[in-house]
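Subject: Handover of a structure and notes on its features

Dear colleague,

Please find below the structure that I am handing over to you. My notes follow directly after it, and I would be grateful if you read them with the structure open.

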Amino acid sequence: MTFIVNGKAIMAKGANWIPLDAMPALHTSDRYRTLLQDAVDANMNMIRVWGGGMYEQDEFYDLCDELGLLVWQDLMFACALYPSAPDFLADVELEVRDQVKRLRDHTSLALWCGDNEVIGAIGWYPESRTNREKYVVNYDRLNRVLQQTVEAEDPTRRFWASSPCNGELDFGDAWHDDNKGDMHFWDVWHSGKSLDAYHSIKPRFCSEFGYQSWPSLPEVKTFAEPSDWNVTSPTFEQHQKNGRGNSIITEMFTRYFRFPSNFEQMLYLSQVQQALAIKTASEFWRSNKPVCRGILYWQLNDCWPVSSWSSIEYSGRWKQLHYHAKRFFAPQMATFIGDEQGLRLHLVNDEHAPVKLKGKSP
């Protein structure tokens with residue numbers, strides 16, 4: 001799965017975007033510009049507007065045009081079983097037609113994607129698991145309306161049915177099949193596998209994968225009193241919306257590090273661990289170019305101060321992951337990858353021109 005820009009295949013590098021703030025009135029021009037510039041400063045060239053959020057304001061797309069950020073645009077359907085009754089489909093068609101007309105003239109718009117993980121949702125709920133054929137047909141009816149509407153209003157761009165997706169009319173498991181299309185890989189976070197599990201796949205395009213960290217201490221100070229500076233305190237746990245999140249982070253500590261001795265060190269180490277996870281995946285997948293042509297981690301930003309997968313905190317403060325992203329998304333990258341024969345040095349160049357490298361002797 002490859003994006004071609006001006007006749008040249010590119011390596012898509014970036015992150016998933018969620019709404020700027022839980023309060024839409026706080027979506028300010030300065031915050032949009034700062035956050036998108038932060039993406040550019042970390043050598044990103046693509047942002048995926050996640051289908052569980054919102055169609056962004058015109059200003060977002062204007063800035064992406066200006067800054068040279070490609071936009072993977074999900075339509076606003078995510079992680080659920082949607083109806084396909086005629087009256088609902090008629091409403092959907094009006095909504096999508098309006099949004100495509102609004103956004104199609106933006107040069108940053110790279111792809112229309114039908115939804116986020118709605119194919120997967122067919123296997124998540126008891127009713128749809130026991131009536132899979134019915135819900136596959138139901139999904140296809142909705143998705144066909146999305147495709148027909150998008151292609152009627154913007155025939156210049158590709159419509160991609162879902163993310164992740166193995167391809168048109170393919171309802172396979174794109175969470176584990178790395179052979180075609182785009183992939184969401186969550187085995188390290190949700191399934192508790194070690195970081196070397198990232199080396200077990202060679203995705204064509206990984207449009208979603210991530211690892212959580214806790215907020216930095218300055219961020220915690222914005223919502224918790226010192227008496228609640230504990231990862232299991234009621235206040236802190238209210239700012240962790242993944243039910244197993246704290247346990248996953250803590251358990252992974254025991255595999256790679258000595259256990260931190262206080263609250264501040266726990267926060268710090270969680271961000272080290274997060275950065276190491278995404279770095280491990282990104283460097284390995286980039287080393288497999290051109291098999292892999294896209295890496296978009298989950299997620300760029302937060303919409304409130306929270307424990308999350310973001311690389312930039314709600315306040316705008318860069319986590320360690322964002323500093324690492326600037327390095328592992330750099331146009332030229334050198335990395336050692338281990339295999340059964342030892343360590344191999346991989347040199348990657350994403351520019352469409354030769355680059356001379358000069359090593360330094362010890």
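In these notes, a residue is called buried when its relative accessible area is under 20%, exposed when that value is over 50%, and partly exposed in between. Glu117, at 8% relative accessibility, is therefore buried. Please bear in mind throughout that this is a predicted model.

Backbone features

Glu117 also deserves attention for its backbone. Its phi is positive, at about 60°, although Glu117 is not a glycine. Glu117 sits in the loop between S6 and helix H4 (118-121). Asn6 is likewise not a glycine and has a positive phi, of about 55°. The loop that holds Asn6 runs between strand S1 (3-5) and strand S2 (8-10). Asn6 counts as exposed because its relative accessibility is 76%.

Two peptide bonds that precede a proline should be noted as well. The bond from Ser163 to Pro164 is cis, with omega near 0°, and Pro164 belongs to the loop between strand S7 (159-160) and strand S8 (183-184). Lys289 and Pro290 are also joined by a cis peptide bond, here with omega of about 10°. Pro290 is placed in the loop between helix H10 (263-287) and strand S10 (294-297). As background to these remarks, most residues other than glycine have a negative phi, and most peptide bonds are trans.

Salt bridges

How many salt bridges does a search of the whole structure find? The search returns 20. In general, side chains of opposite charge can pair when their charged atoms come close.

One of these salt bridges joins Asp350 to Lys13, with 2.9 Å between the closest N and O atoms. This pair links distant parts of the chain: Asp350 is in the segment after S12, Lys13 is in strand S3 (residues 12-17), and 337 residues separate the two. Both Asp350 and Lys13 are buried. The two residues also belong to a network of salt bridges that links Lys13, Arg286, Lys289 and Asp350. Lys289 thus appears in two places in these notes, since the cis peptide bond to Pro290 starts from it.

Arg157 and Asp154 form a further salt bridge through their side chains, at 2.7 Å from N to O. Arg157 is buried because its relative accessible area is 16%, and Asp154 is buried at 4% relative accessibility.

Asp339 and Arg344 make a salt bridge with an N to O distance of 2.7 Å. Asp339 counts as partly exposed because its relative accessibility is 32%. Arg344 is partly exposed too, with a relative accessible area of 39%.

Buried positions

Val100 is part of helix H3. Its relative accessible area of 0% is the reason why Val100 is classed as buried. Which residues does Val100 touch, not counting those up to four places away in sequence? They are Trp112, Val150, Glu153 and Asp154; the last of these, Asp154, is the salt-bridge partner of Arg157. Val100 and Lys356 are 256 residues apart in sequence, and their C-alpha atoms are 43 Å apart in space.

Ser108 is located in the loop between H3 and strand S6 (109-113). With a relative accessibility of 3%, Ser108 counts as buried. Neighbours within four places in sequence set aside, Ser108 is in contact with Tyr61, Cys64, Asp65, Leu69, Leu70 and Val71.

Surface patches

Asp87, Asp91, Glu95 and Asp98 form a negative patch on the surface. Of these residues, Asp87 is found in helix H3 (residues 86-103). Asp87 is classed as exposed because its relative accessibility is 57%.

A nonpolar surface patch of about 650 Å² is built from Phe336, Leu343, Leu345, Leu347, Val355 and Leu357. Which element gives the largest share of the nonpolar patch? Strand S12 (residues 342-349) does, with 3 residues. Leu345 is a residue of strand S12.

With kind regards

How values were computed:
Residues are numbered from 1 along each chain as its sequence is written. This is a predicted model: local features need pLDDT of at least 70, side-chain atom pairs count only at pLDDT 80 or more; totals for chains, interfaces and linings use all residues. Side-chain values use heavy atoms; hydrogens and water are left out. Patches are made of residues with over 30% relative accessible area and no salt bridge: like charges are joined within 9 Å, nonpolar side chains (Val, Leu, Ile, Met, Phe, Trp, Tyr) within 5 Å. Accessible areas come from the Shrake-Rupley method with a 1.4 Å probe; for residues, only the protein chains shown count as cover. A salt bridge is a side-chain nitrogen of Lys or Arg within 4 Å of a carboxyl oxygen of Asp or Glu. Lys and Arg count as positive and Asp and Glu as negative; His and the chain ends are not counted. The place of a charge is taken as NZ of Lys, CZ of Arg, CG of Asp or CD of Glu. Helices (H or I, at least four residues) and strands (E, at least two) are DSSP runs, numbered from the N terminus. Buried means under 20% relative accessible area, exposed over 50%, partly exposed in between (1.4 Å probe, protein chains only). Contact means heavy atoms within 4.5 Å.
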